[in-house]
Amino acid sequence: MPPTVPIRIRRLEQLVDFCRNLSNALELGPLLNSIVNTACELTLSEASSIFLYEEETGLLKFIAAPKNHFETVKRIRVPIENSLAGQCFTQSQPVIIQNDQPEQTIFREVDRSLDFETRSILAVPLVYRHKTIGVLEAVNKRNNAHYTVDDVTILDTLASQTAIALQNNLLGEEVQQAYDQLFDLDEMKAEFIAITSHELRTPLGLILGYAGVLKDALEEGEARTQLDVIIHNANRLKEIAEDLANVDQPTRSRARGETQQFDLIRMIEEVVASFQEDARRKQIVLQIDRPASALRLKGEGEKIAIALSNLIKNALTFTDRGGRVLVQVEDLPGYAKVSVVDDGIGIPPAELKRVFERFYQVESHMTRRHGGMGLGLSVAKVMIEMHNGQIWVESQEGKGSRFSFLLPKGSGKASHKTSAFIEQGE
């Protein structure tokens, strides 16, 4: 066996090991430095560099080089014309200058800046999905030897890995930029909602106050009936303003109010009682099915009450006259489960995944019969998830819906650092 064969095999084994370990490199800078060092080692070269095409200048810029060179060359731009790297980039093919060949295409500004003499170069293109994005070079084969076909294979393999790493990094930056833009838009939206809900409350409070005074001063008749319409619709606007304030409350700093023990059963009874008049007007039976004993949790009871109120309001809205709405409470091991069950119009299967989205409404805005802004269910979801709970819906179109939420009684299942609940009390 020729003596060069074991050396060739060893170099290829080193190349395979390097490529196999590339996935462990998380940051682009250290990865590119590792590629440059490996290129020098495996091609037996004095130096190596990576160039990337710069769209704004139409030139090639250094993005990696030996540590003692990089601070100097990173400010240099290499022209596409009259340079070996530019020739390789343009032709998208490996290009070699050996020690005994003409050197007209060597870009000598780099040598002058580094006080370095380039004698031979092997350049291969960085190609990603049939597009050349840069160049990988090895410079000065040691002992004035010539670059070989094996050197081309090694550098070409490293160039492929480099191109993939650069594109992955670019995609990562684009994703981060998109995320930052979405975050900024969400902040602007949250600020707008907060200001809008705040500004609506003051005039609505005045309208309701003066309308109430006028109503008390009037005798029964048409004017009093008209004031009832004003008060009813002002209350609807007040509910919308409150929903707007509630829906973004946790996303704006994740601030929590004071948590304390509360009786879940009693809270549910109070919420259900507040809707009995609405249910009576629609001739809907509104009932509770609950355990006999108290079910004590620790959390923000007002927020759980808001969630339940929105579920009951939704059930009453989409249940026809003569229907039934049942609020079920179950004391499960480690959990409290609350369900709001109705025999209303139900939800089409295609809409089930979207009912908790903000401002989403199952009915078209052109044809829908029911009011609201599509915030109630999303507010309920926010309030439950603030307490490390889960909320979901089961429905059959034309037969009704069951909205349920599950609240952990202990801290073991909580997804946040601070549990919103303690074990069930007496």
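This passage describes the cavity, a pocket, the salt bridges and a sheet of a predicted model. Residues are numbered from 1 along each chain as its sequence is written, and side-chain values use heavy atoms, with hydrogens and water left out. In this predicted model, local features need pLDDT of at least 70 and side-chain atom pairs count only at pLDDT 80 or more, whereas totals for chains, interfaces and linings use all residues.

Empty space was examined first. Rolling a probe the size of a water molecule over the atoms shows where empty space is left. On a 1 Å grid over the protein atoms alone, a cavity is a set of points where a 1.4 Å probe fits but cannot get out, while a pocket is an open set with protein on both sides within 12 Å along at least five of seven lines; lining residues have an atom within 4 Å of a point. Grid points are joined across faces, edges and corners, and the volume is the space filled by probe spheres set on the points. With these rules, a search of the whole structure finds 1 cavity of 30 Å³ or more, and the largest cavity holds about 260 Å³ of space. Its lining consists of 23 residues, and F62, V110, T118, E137 and V139 are those that lie nearest the centre. At least two lining residues come from each of β1 (45–54), α3 (67–73), α4 (84–91), α5 (108–114) and β6 (131–141), where helices (H or I, at least four residues) and strands (E, at least two) are DSSP runs numbered from the N terminus. By residue class, the lining of the largest cavity comprises 16 nonpolar, 5 polar and 2 charged residues; here Ala, Val, Leu, Ile, Met, Phe, Trp, Tyr, Cys and Pro count as nonpolar, Asp, Glu, Lys and Arg as charged, and the others, Gly among them, as polar.

The second largest pocket has a volume of about 390 Å³. It is lined by 17 residues, of which L52, Y53, I133, Q167 and L170 lie nearest its centre, and the elements giving two or more residues to this lining are β1, β6 and α6. Helix α6 provides the largest share, with 5 residues. The lining of the second largest pocket divides into 7 nonpolar, 3 polar and 7 charged residues.

Charged side chains were then considered in pairs. A salt bridge is a side-chain nitrogen of Lys or Arg within 4 Å of a carboxyl oxygen of Asp or Glu, and by this rule the count comes to 15 salt bridges. One of them joins D151 to K141, with the closest N and O atoms 2.7 Å apart. This pair links distant parts of the chain, since D151 lies in helix α6 (residues 149–217) and K141 in strand β6, 10 residues apart. Both D151 and K141 are buried, a term that means under 20% relative accessible area, with exposed meaning over 50% and partly exposed the range in between (1.4 Å probe, protein chains only). A salt bridge also connects D228 and K215, again with the closest N and O atoms 2.7 Å apart; D228 belongs to helix α7 (residues 222–247) and K215 to helix α6, 13 residues apart, and this pair too links distant parts of the chain. D228 has a relative accessible area of 33% and is therefore partly exposed, and K215, at 23% relative accessibility, also counts as partly exposed. The side chains of E71 and K74 meet in a further salt bridge (3.1 Å, N to O). In addition, E277, D278, R280 and R281 are linked in a network of salt bridges.

The final feature is an open sheet of 5 strands in the order β8-β10-β11-β13-β12, with mixed pairing, two strands being paired if DSSP finds at least two bridges between them. Because β8 (285–289) and β12 (390–396) stand at the edges, each with a single partner strand, one side of each is left without a neighbour in the sheet. At one edge, β8 runs parallel to strand β10 (residues 324–332) and is joined to it by 5 bridges, with Q287 opposite L326 in β10. Strand β10 pairs in the antiparallel sense with strand β11 (residues 335–342) over 8 bridges, and V340 in β11 is the bridge partner of V327. The hairpin of β10 and β11 has 2 residues between the strands, and G334 takes a positive phi near 85° in this hairpin. At the other edge, β12 and strand β13 (residues 400–408) run antiparallel and are joined by 7 bridges, with V393 opposite F403 in β13.
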